[in-house]
Amino acid sequence: MMNGPSFFFLAMILIKQSHGVSSELTSSHQPIVALAGDDVILPCQLQPAVSVSSETLLWTRPGLDLKYIHVHRAGRPMLMNQNRSYYNRTALFVDQLMNGNVSLKLFRVKLSDAGRYTCIIDSKKMEASVQLIVGKSDS
Ligand SMILES: *[C@@H]1O[C@H](CO)[C@@H](O)[C@H](O)[C@H]1NC(C)=O
Ligand SMILES: *[C@@H]1O[C@H](CO)[C@@H](O)[C@H](O)[C@H]1NC(C)=O
Ligand SMILES: *[C@@H]1O[C@H](CO)[C@@H](O)[C@H](O)[C@H]1NC(C)=O
């Protein structure tokens, strides 16, 4: 027979597993490096990989007055609240959202894009951030 405390311990493990407590959003600890004019991917991945297609997904640059770089809501990108400097230069990989992949493609990188970016799953209050370093191109 199981005594009281070990039964309690087992029950705690089962509760933890069924609630998926270890779910987390990850990006890159290494900075992402690009040259001005390049396109670049800023990684962001939900673990375990469950669909985020119907979530409100935000990419921001904390510290800017208008910090929203990309806003994805109700299955589509939203221009409202987007910093003008990023207009027509951002995209999520829409076919990857079902795999929990929230990575951002940033087109035609500018020197002023350098800095820290944060991806957010709004309803889960989860976020991860990554540093972008931009070098001058030789040409
Ligand atoms: C938009 O982002 C740029 C950096 O790319 C920043 O200099 C500018 O202040 C931001 N705009 C606003 C309204 O915050
Ligand atoms: C958006 O970017 C594409 C290139 O990726 C360009 O051909 C198009 O003219 C741009 N549209 C606007 C409104 O700036
Ligand atoms: C997310 O999707 C992009 C584009 O397909 C890919 O480059 C990247 O490796 C994916 N991330 C993960 C963690 O699979």
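Which residues surround ligand 2? Tyr87, Asn88 and Arg108 do. This is a predicted model. The report starts with this ligand, moves to the other two, and then turns to the sheets.

## The three ligands

Two residues of the ligand 2 surroundings reach it through polar side-chain atoms. One such atom of Asn88 lies 2.4 Å from an oxygen atom of ligand 2. Another, from Arg108, lies 3.1 Å from an oxygen atom of ligand 2. On its own, ligand 2 exposes 360 Å², and the protein buries 29% of that.

Ligand 3 has its own set of residues. Around it are Ile41, Gln45, Phe93, Gln96, Asn101 and Ser103. An N or O atom in the side chain of Asn101 is 2.4 Å from an oxygen atom of ligand 3. Taken alone, ligand 3 has 360 Å² of accessible area, and the protein covers 49% of it. What classes of residue make up the shell around ligand 3? There are 2 nonpolar, 4 polar and no charged residues.

Ligand 1 comes next. Its surroundings are Arg61, Leu64, Asp65, Leu66, Asn83, Ser85, Tyr86 and Ser112. By class, this shell has 3 nonpolar, 3 polar and 2 charged residues. Backbone and side-chain atoms both take part in its polar contacts. A polar backbone atom of Asp65 is 3.4 Å from an oxygen atom of ligand 1. For a backbone N or O atom of Leu66, the distance to an oxygen atom of ligand 1 is 2.7 Å. Asn83 uses a polar side-chain atom, which lies 2.4 Å from an oxygen atom of ligand 1. The protein covers 60% of the 360 Å² of accessible area that ligand 1 has on its own.

The table sets the ligand areas side by side.

| Ligand | Accessible area alone | Share covered by the protein |
|---|---|---|
| Ligand 1 | 360 Å² | 60% |
| Ligand 2 | 360 Å² | 29% |
| Ligand 3 | 360 Å² | 49% |

## The sheet of six strands

Strands of a sheet pair through backbone hydrogen bonds, either parallel or antiparallel. One open sheet here has 6 strands, in the order β2-β11-β10-β5-β6-β7. Its pairing is mixed. Which strands lie at the edges? They are β2 (32–35) and β7 (76–78), and each pairs on one side only. From one strand to the next, the twist averages 25°.

Look now at strand β5, residues 57–60. Is Trp59 buried or exposed? Trp59 is buried, and Leu57 on that side is buried too. Leu58 and Thr60 lie on the other side and are also buried. Both faces of β5 are therefore covered.

Strand β5 has a partner on either hand in the sheet order. It runs antiparallel to β6 (residues 68–73), with 4 bridges joining the two. In that pairing, Leu58 is bridged to Val71. Strand β5 also runs antiparallel to β10 (residues 115–121), again with 4 bridges. There, Trp59 has Cys119 as its bridge partner, and Leu57 has Ile121.

## The sheet of three strands

A second open sheet has 3 strands, ordered β3-β9-β8. Its pairing is antiparallel. The edge strands are β3 (40–42) and β8 (90–92), and each pairs on one side only. Neighbouring strands of this sheet are turned by 25° against each other on average, direction ignored.

How many bridges join β8 to β9? There are 3, and the two strands run antiparallel. Strand β9 spans residues 104–106. Within this pairing, Ala91 meets its bridge partner Lys105 of β9.

How values were computed. Residues are numbered from 1 along each chain as its sequence is written. Chains are lettered from A and ligands numbered from 1 in the order in which they are written. This is a predicted model: local features need pLDDT of at least 70, side-chain atom pairs count only at pLDDT 80 or more; totals for chains, interfaces and linings use all residues. Side-chain values use heavy atoms; hydrogens and water are left out. Buried means under 20% relative accessible area, exposed over 50%, partly exposed in between (1.4 Å probe, protein chains only). Two strands pair if DSSP finds at least two bridges between them. Axes are lines fitted to C-alpha atoms, for helices over the stretch in contact, and angles run from 0 to 180 degrees between N-to-C directions. A residue is near a molecule or strand if one of its heavy atoms lies within 4 Å of it. A polar contact is a pair of N or O atoms within 3.5 Å; within protein, one must be able to donate a hydrogen and the other to accept it, and residues adjacent in sequence count only if both atoms are side-chain atoms. Accessible areas come from the Shrake-Rupley method with a 1.4 Å probe; for residues, only the protein chains shown count as cover. Ala, Val, Leu, Ile, Met, Phe, Trp, Tyr, Cys and Pro count as nonpolar, Asp, Glu, Lys and Arg as charged, and the others, Gly among them, as polar.
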